[in-house]
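Hi,

Here is the structure I said I would pass on. Have a look at it first, and then read my notes underneath.

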Amino acid sequence: MQLKEIVSASKFLVIGGAGSIGQAVTKEIFKRNPKKLHVVDISENNMVELVRDIRSTYGYIDGDFQTFALDIGSIEYDAFIEADGKYDYVLNLSALKHVRSEKDPYTLMRMIDVNIFNTEKTVNQSIASGVKKYFCVSTDKAANPANMMGASKRIMEMFLMRKSEEIEISTARFANVAFSDGSLLHGFNQRIQKQQPIVAPNDIKRYFVIPKESGELCLMSCVFGENRDIFFPKLSEDLHLITFANIAIKYLNEIGYEPYLCSTEHEARELMKTLPQEKKWPCLFTSSDTTGEKDFEEFYTVDETLDMDRFENLGIIKNELEFKNEKLNYFTKAISDLKDSKKWSKENIIDVFHQMIPNFEHKETGKYLDAKM
């Protein structure tokens, strides 16, 4: 009830609102009848579907609901904020979220721009326009990061810490969002529709939340989080930690198929021609050997202070104001220098990340998911 009262009296900007988590957050806000809800995303197609989905499920609100297909790194976005930047809450859900995005130095540099520098830019704009609260989604992979995506979000948290002197900021770390765009589970749906084998690692365990849970968690952190709070879901290792292979088996059983284990990609592709008629689905389950994969997930480290009592289903990492200005300035300059040179390697960027996170245990195997089925 308290959440509905706050939302209905407030103005919201959702950045990255057409992604899976962004759509979930947007729906949670919309159905509580906000005064203003503006949604920005670079994906025009996803934005169209978001509006269709909202109209088909919830209908209309009295407040100002608009969507804008804009790149938040662009001059057009800056003009939009200049013209209409009056919000109580800004929620930033934009991110490059895939570990596979670190396979080449150019996509990796874009990950840094999206996950770190665009975040800093939108925080600065929020401060300048008098926004009450800024929320940004982080990731469980920021806790003891093993890949560049998780490390980029950890560094993002450091930049947010510095800005928390000037504006109230809260974040959230959570698990994989089941069937979110581009996820392995979403890929299961695609493989079934396209009559293709299902491939999954049998040694990687993950926690999962459904999209609605991710939306609720983000909105709760945004509205009720205190300055520098990081929210995370309370998930039991026994109940919620599961391998992708086991999920694939449960998924196939649910839709009426028995998994048939293959030993090679070629065998799996060939058996697609005959097995589905027998209600069997070719599967290839292998151990993971790709760069940046973490065997398990964790939401917090042993050094972080927790509040496990405020909410029944949510934990909170409590943070004091602590940052090293010279480190953050070094990062900005080092990345800027690499960009100016127009010549950089992945190793160059990893070196800069190690300066920011000395215990960063990056796992480089030379193998990436794009080289697999």
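Below is what I found in it, going from helix packing to the empty spaces and then to a single residue.

One thing to keep in mind from the start: this is a predicted model.

**Helix packing**

Let's begin with α12, which turns up in two of the packings. Its partner in one of them is helix α13, covering residues 346-356. The two pack at an angle of about 175 degrees, and their axes are 10 Å apart. Angles over 145 degrees count as roughly antiparallel, so α12 and α13 are roughly antiparallel to each other. On the α12 side the contact is made by Lys327, Leu328, Tyr330, Phe331, Ala334, Ile335 and Leu338. Those residues meet Asn348, Ile349, Val352, Phe353, Gln355 and Met356 in α13. By class, that contact comes out as 10 nonpolar residues, two polar and one charged.

α12 also packs with α5, here at an angle of about 145 degrees and with the axes 12 Å apart. This crossing is left-handed. From α5 you get Met109, Ile112, Asp113, Ile116 and Phe117, while α12 brings in Phe331, Thr332, Ile335, Leu338 and Lys339. Seven of the residues in this contact are nonpolar, one is polar and two are charged. If you want places to click on, Phe331, Ile335 and Leu338 of α12 are listed in the contact with α13 and also in the one with α5.

The other pair to look at is helix α7 (residues 184-193) with helix α10 (residues 244-254). Their axes are 11 Å apart and the angle is about 40 degrees, which is why the two count as oblique to each other. α7 makes a right-handed crossing with α10. Leu184, Leu185, Phe188, Asn189 and Ile192 are the α7 residues involved, and across from them in α10 are Phe244, Ile247, Ala248, Tyr251 and Leu252. This contact has nine nonpolar residues, one polar and no charged ones.

**Cavities and a pocket**

How many cavities of 30 Å³ or more are there in the whole structure? The search finds two. The largest cavity has a volume of about 60 Å³. Its lining includes Leu13, Ile15, Tyr77, Tyr87, Thr122 and Val131. β1 (11-15), α4 (75-84) and α5 (105-128) each give two or more residues to that lining, and α5 gives the most, with three. Seven of the lining residues are nonpolar, five are polar and none is charged.

The second largest pocket holds about 930 Å³ of space. It is lined by 33 residues, and the ones nearest its centre are Arg154, Met158, Met161, Glu304 and Glu322. Among the elements giving two or more residues to this lining are α6 (148-163), β6 (168-172), β11 (229-233) and α12 (325-341). The biggest share comes from α6, with five residues. In this lining, 13 residues are nonpolar, eight are polar and 12 are charged.

**One residue to finish**

Isoleucine 21 sits in helix α2, residues 20-30. Which residues does it touch, leaving out those up to four places away in sequence? They are Leu93, Phe174, Val177, Ser214 and Cys218. As for arginine 32, it is 11 residues from isoleucine 21 in sequence, and the two C-alpha atoms are 17 Å apart in space.

Happy browsing!

Definitions and conventions:
Residues are numbered from 1 along each chain as its sequence is written. This is a predicted model: local features need pLDDT of at least 70, side-chain atom pairs count only at pLDDT 80 or more; totals for chains, interfaces and linings use all residues. Side-chain values use heavy atoms; hydrogens and water are left out. On a 1 Å grid over the protein atoms alone, a cavity is a set of points where a 1.4 Å probe fits but cannot get out, and a pocket is an open set with protein on both sides within 12 Å along at least five of seven lines; lining residues have an atom within 4 Å of a point. Grid points are joined across faces, edges and corners, and a volume is the space filled by probe spheres set on the points. Helices (H or I, at least four residues) and strands (E, at least two) are DSSP runs, numbered from the N terminus. Ala, Val, Leu, Ile, Met, Phe, Trp, Tyr, Cys and Pro count as nonpolar, Asp, Glu, Lys and Arg as charged, and the others, Gly among them, as polar. Axes are lines fitted to C-alpha atoms, for helices over the stretch in contact, and angles run from 0 to 180 degrees between N-to-C directions. Angles under 35 degrees count as roughly parallel, over 145 as roughly antiparallel, 65 to 115 as roughly perpendicular and the rest as oblique. A crossing is left-handed if the near helix is turned anticlockwise from the far one by less than a right angle, and right-handed if clockwise. Contact means heavy atoms within 4.5 Å.
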